[in-house]
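The following note sets out a number of points for a colleague who wishes to read the structure at the level of single residues. The points are best followed with the sequence and the model side by side.

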Amino acid sequence: SGINFDKFDCIAVKVSGENPPRAVESFETANLRKYVVDNILKAGYKKPTPIQKHAIPIIMGGRDLMGCAQTGSGKTAAFLLPIINTLLQDERELVVGPGGCAQPQVVIVSPTRELTLQIFNEARKFSYGSILKIAVAYGGTAVRHQGDNISRGCHILVATPGRLHDFVDRNRVSFDSIRFVVLDEADRMLDMGFIPSVEKMMDHPTMVPIKERQTLMFSATFPEDIQHLAGRFLNNYLFVAVGIVGG
Ligand code: ADP
Ligand code: MG
């Protein structure tokens with residue numbers, strides 16, 4: 001594509017929170033498994049964008065993160081790459097049985113069907129050839145096909161909030177194996193009235209406690225409401241803002 005990512009290089013980055021790790025300069029030196037680096041290069045990515053340089057070591061270091069960067073700056077890979085890398089560290093933990101209630105290790109919520117599908121497709125690209133199973137759930141279409149895929153056992157579930165709860169309420173999905181929760185486009189979630197659904201997920205009786213999972217939030221802007229949500233949903237988190245983040 002014609003996107004010039006070098007333009008991001010001169011943008012100021014603000015990092016706050018306790019003991020942030022050093023940003024990485026390249027995918028090759030980010031401590032990612034060779035397999036993941038190969039899939040990144042196959043996707044045509046040559047070097048990480050600023051949000052990726054910071055988010056990758058933070059997430060691989062086990063920390064919660066609030067990441068703010070403008071639209072188009074590569075936030076999707078900033079969370080997918082370290083999550084996929086972490087899941088692939090120990091394949092024994094990836095054994096899932098089909099049927100019954102699916103217990104994804106990662107749930108990624110985003111506000112629209114289009115964004116959800118984009119995240120799903122990127123996740124498939126970066127995990128291509130691995131044993132990771134990725135499922136997608138969004139509204140406006142029949143539950144059945146999505147439900148069949150989820151029930152085959154999924155490690156990563158990418159969903160819109162409403163459809164996610166359709167499955168959770170029917171005991172088709174539970175949160176008791178969760179290692180990562182990602183809230184993407186948090187500012188748009190707020191504008192679209194999805195915060196009650198997000199709260200329902202975070203406070204769900206089956207959800208792994210906040211200190212035993214990693215929670216990651218991404219947003220293009222950082223208004224007061226989002227700052228407030230970060231304070232409630234995240235644990236001892238690092239904050240990374242790339243460029244001027246409107247509030
Ligand atoms: P955001 O979520 O910040 O709006 P996306 O994650 O959707 O941005 O990324 C925007 C586009 O840039 C996508 O087409 C994505 O594949 C591409 N992209 C992301 N990171 C890189 C990179 N490091 N090198 C090249 N292209 C990238
Ligand atoms: Mg995005």
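1. In which strand is the place of Phe180? Phe180 belongs to strand β6, which spans residues 180-183. The model under discussion is a predicted one, and the values below should be read accordingly. With a relative accessible area of 1%, Phe180 is buried, because the cut-off for that class is under 20%. Beyond its neighbours within four places in sequence, Phe180 is in contact with Ile59, Ile83, Thr86, Leu87, Gln105, Val106, Val107, Gln214 and Leu216. Asn19, by contrast, is 161 residues away from Phe180 in sequence, and the two C-alpha atoms are 21 Å apart in space.

2. The next point concerns the ligand. Ligand 1 is surrounded by 15 residues, of which the closest are Tyr45, Gln52, Gly72, Lys75 and Thr76. By class, this shell comprises four nonpolar, eight polar and three charged residues. Three polar contacts to oxygen may be listed. An N or O atom in the side chain of Tyr45 lies 2.6 Å from an oxygen atom of ligand 1. For Gly74, a backbone N or O atom is found 3.1 Å from an oxygen atom of ligand 1. Glu122 places a polar side-chain atom 3.3 Å from an oxygen atom of ligand 1. On its own, ligand 1 has 570 Å² of accessible area, and the protein covers 80% of this.

3. Thr76, one of the closest residues to ligand 1, is located in helix α3, residues 75-87. Is Thr76 buried or partly exposed? Its relative accessibility is 21%, and Thr76 therefore counts as partly exposed, since the buried class requires a value under 20%. Not counting residues up to four places away in sequence, Thr76 touches Ile119 and Glu122. Ile119 is 43 residues from Thr76 along the chain, yet their C-alpha atoms are separated by 6.6 Å. Glu122 thus appears twice in this account, as it touches Thr76 and has a polar side-chain atom 3.3 Å from an oxygen atom of ligand 1.

4. Helix α5 covers residues 143-151, and its buried residues are Gln146, Gly147, Ile150 and Ser151. These residues lie on the same side of α5, because they cover an arc of only 130° around the axis. An α-helix has 3.6 residues a turn, so residues three or four places apart point the same way. Which exposed residues are carried by the face of α5 turned away from its buried side? They are Arg144 and His145. The cover over the buried residues of α5 includes β4 (134-137), β5 (156-159) and α6 (161-169). Just after α5, Gly153 adopts a positive phi of about 100°.

5. Thr160 occupies the loop between β5 and α6. This residue is buried, at a relative accessible area of 9%. Leaving aside neighbours within four places in sequence, Thr160 is in contact with Ser110, Pro111, Thr112, Arg113, Thr116, Ala137, Tyr138 and Gly139.

6. Helix α6 also contains His165. At 5% relative accessibility, His165 counts as buried. Which residues are in contact with His165, leaving aside its neighbours within four places in sequence? They are Ser197, Lys200 and Met201. Met201 is itself one of the buried residues of helix α8.

7. Helix α8 runs over residues 195-202 and has Ile195, Val198, Met201 and Met202 as buried residues. Viewed down the axis of α8, these fall within an arc of 115°, so they line one face of the helix. The elements against which the buried residues of α8 pack are β3 (106-109), α6, β6, α7 (186-191), β7 (214-219) and α9.

8. The last point turns to helix α9, residues 224-233, where Gln227 is found. Gln227 is partly exposed, with a relative accessible area of 36%. The side chain of Gln227 reaches the backbone oxygen of Phe222 at a distance of 2.9 Å. Leu132 is 95 residues from Gln227 along the chain, and 33 Å separates their C-alpha atoms.

Note on methods:
Residues numbered from 1 in each chain as written. Chains lettered and ligands numbered in written order. Predicted model: local features only at pLDDT ≥ 70, side-chain atom pairs only at ≥ 80, totals over all residues. Heavy atoms only, no water. Buried < 20%, exposed > 50% of the residue type's maximum accessible area, 1.4 Å probe, protein only. Helix = DSSP H or I, 4+ residues; strand = E, 2+ residues; numbered from the N terminus. Arc of directions from axis to C-beta. Contact = heavy atoms within 4.5 Å. Near = heavy atom within 4 Å. Polar contact = N/O pair within 3.5 Å; in protein donor to acceptor, adjacent residues only side chain to side chain. Areas by Shrake-Rupley, 256 points an atom, 1.4 Å probe, with all protein chains shown as cover. Nonpolar A, V, L, I, M, F, W, Y, C, P; charged D, E, K, R; others polar.
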